[in-house]
Amino acid sequence: MSTGIYLDHSGTTIYSRSLVDRFAYKMSTGLYGNPHSANQPAKISGDMVDSVRAKALHFLGADPAHFDLVFVSNATAAIKLVADSFRDLAEQTRSGQFWYGYHRDCHTSLVGVRELSGQGSHKCFESDAEVEAWLDGRHRTEGTAGLGLFGYPGQSNLTGRRLPLNWSGRLRGEKRLRNTYSLLDAAALAMTSPMKRAFEDPEMAPDFTCVSFYKVFGFPDLGGLVVRRDSGHILALRRYFGGGTVSMVSAIGGAWHVSKGLEAATSAQSSEGGEHAGGLHEGLEDGTLPFHSILALGEAIDVHRELYGSMENISLHTTRLARRLFEGISSLRYANGQPLCKVYCGDPEEFGDATKQGATVAFNVFCEDGSYLPYSTVEQMANEGGIYVRSGGICNPGGIFESLGYEPWQLKRARSAGHHCGSDGLSIINELPTGVVRASLGAMSTNQEVDTFVSFLRSAFIEGRLHHGASASGEPEMDRGAIQPAYSTG
């Protein structure tokens with residue numbers, strides 16, 4: 001990492017050189033064919049895919065006897081696969097739609113599922129307490145007697161706050177909610193937390209769990225959907241089928257097909273042993289698998305274990321670093337006592353508790369007079385200093401709304417003013433920010449990187465000369481000559 005300090009691990013973590021070398025060696029010394037064929041190179045690929053699938057489940061702590069893994073391009077693709085399946089199945093209900101509940105802290109991709117559920121058949125739970133009341137029966141929600149889906153993140157991709165993993169099991173235990181399934185977004189959680197807590201008890205585990213392997217290993221760009229086998233039949237009823245997912249299909253003389261996934265869901269065959277052994281994944285992985293990426297995933301898991309030992313080690317390391325970063329940022333103040341930063345979190349004491357908080361710190365920067373500095377300016381200045389963070393809405397609309405204390409009319413005002421998601425949106429409207437700065441840590445992050453970032457914030461905004469004035473762009477003017485980068489790329 002000679003090019004700067006990387007603090008955007010929640011976007012993707014950094015891949016190791018040894019992983020790239022091992023993958024290149026495998027590619028240059030082996031011949032891997034399309035696993036849908038029957039020749040020798042195809043068999044090598046098919047066996048490799050089966051092996052890596054089992055290895056990935058083991059890494060996640062999910063027993064193959066109770067869980068299957070569907071390879072997808074990313075976590076969003078996994079979410080859409082589940083959503084499409086529920087939409088298709090809902091067409092067979094009297095109402096023609098399914099109910100969808102989602103937590104306020106959901107990533108945009110989870111929020112988007114509501115558009116497939118049907119008009120008026122979705123609900124955003126605005127707090128943990130509201131979810132708890134729903135699960136306990138203290139708060140009844142219309143539409144939950146029929147087919148339903150409840151989606152929530154294991155960790156907020158905005159603030160790093162970790163949500164209860166036992167909601168899935170409690171949902172399954174409520175008879176009145178027996179037709180509602182759970183979808184856990186573990187893309188952010190799996191990066192620095194052992195996933196065995198989610199899968200060690202199949203009766204308490206989510207029905208469907210999506211992960212992004214590139215957030216854990218840096219490479220390859222691959223995602224996964226972990227399916228609880230006792231719930232997998234729901235996905236097997238989807239209407240669409242792609243190449244490789246059917247045992248037979250008719251195109252002339254009648255439209256019918258036989259899904260491998262449905263066959264697997266209605267048989268007791270094991271998913272081990274080859275291409276047509278009956279795994280649920282066979283009916284859900286459309287077209288040719290990204291088998292070269294799956295090959296790289298196998299190498300990534302091995303290298304990750306050799307470098308870090310276990311996810312428990314990474315969890316301890318990143319939890320300690322997150323506490324250090326939080327305390328460092330929180331301690332920064334101007335001479336007049338004005339705090340430099342506002343950190344968005346629940347209880348500050350949760351930094352240091354791996355069950356409550358991940359390795360992410362979301363914040364905004366104040367000027368000395370207490371007004372907000374545009375988050376885009378902070379990111380730009382950090383970038384110029386060789387420190388790489390992320391800023392904006394972070395694809396978490398509910399979390400941003402709650403963290404910034406917005407009311408619905410203020411969100412509509414922002415839209416009317418021309419604000420939109422992306423790096424060229426409006427950072428501040430009527431003296432209120434529209435997003436945050438996010439610094440996220442990974443397995444290879446260090447004390448020095450954390451301390452350098454805190455030093456950068458101090459030197460750039462407390463010791464530097466910052467003028468809260470009018471510029472042509474509406475952003476505060478700065479005397480950049482007075483700001484010394486905290487990190488040199490020379």
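Contact here means heavy atoms within 4.5 Å. With that in hand, welcome to a predicted model of a protein chain with 17 helices and 20 strands. Of its 490 residues, 52% count as buried. Among contacts with a separation of 6 or more, 71% are between residues 24 or more positions apart. Below we visit one residue, one sheet and one pair of helices.

**Residue S10**

- S10 lies in the loop that runs between β1 (5-6) and α1 (17-29).
- Its relative accessibility is 10%, and because buried means under 20%, S10 counts as buried.
- Leaving aside residues up to four places away in sequence, S10 touches M191, K215, T360, R438 and S440.

**The seven-stranded sheet**

- An open sheet is built from seven strands, and reading across it gives the order β2-β8-β7-β6-β5-β3-β4. The pairing in this sheet is mixed.
- The edges are held by β2 (67-72) and β4 (122-125); each has a single partner strand, so one side of each has no neighbour in the sheet.
- From one strand to the next, the twist averages 20 degrees.
- At the β2 edge, β2 pairs with β8 (residues 223-228) in the antiparallel sense, over six bridges. If you would like a spot to look at in this pair, L69 stands opposite V226 in β8.
- Helix α6 (residues 128-136) packs on the sheet, where it touches β3 (99-103), β4, β5 (148-153) and β6 (180-185). The direction of α6 makes about 125 degrees with that of β4.

**The α13 and α17 pair**

- Two packed helices are described by the angle between their axes and the distance between the axes.
- For helix α13 (residues 311-330) and helix α17 (residues 447-462), the axes come within 10 Å and cross at roughly 15 degrees.
- Angles under 35 degrees count as roughly parallel, and α13 and α17 are therefore roughly parallel to each other.
- The crossing of α13 and α17 is right-handed.
- On the α13 side, the contact is made by R320, L321, R324, L325, G328 and I329. Facing them from α17 are N447, V450, D451, F453, V454 and L457.
- Sorted by character, the residues in this contact between α13 and α17 are seven nonpolar, two polar and three charged.

Technical notes:
Residues are numbered from 1 along each chain as its sequence is written. This is a predicted model: local features need pLDDT of at least 70, side-chain atom pairs count only at pLDDT 80 or more; totals for chains, interfaces and linings use all residues. Side-chain values use heavy atoms; hydrogens and water are left out. Helices (H or I, at least four residues) and strands (E, at least two) are DSSP runs, numbered from the N terminus. Buried means under 20% relative accessible area, exposed over 50%, partly exposed in between (1.4 Å probe, protein chains only). Two strands pair if DSSP finds at least two bridges between them. Axes are lines fitted to C-alpha atoms, for helices over the stretch in contact, and angles run from 0 to 180 degrees between N-to-C directions. Angles under 35 degrees count as roughly parallel, over 145 as roughly antiparallel, 65 to 115 as roughly perpendicular and the rest as oblique. A crossing is left-handed if the near helix is turned anticlockwise from the far one by less than a right angle, and right-handed if clockwise. Ala, Val, Leu, Ile, Met, Phe, Trp, Tyr, Cys and Pro count as nonpolar, Asp, Glu, Lys and Arg as charged, and the others, Gly among them, as polar.
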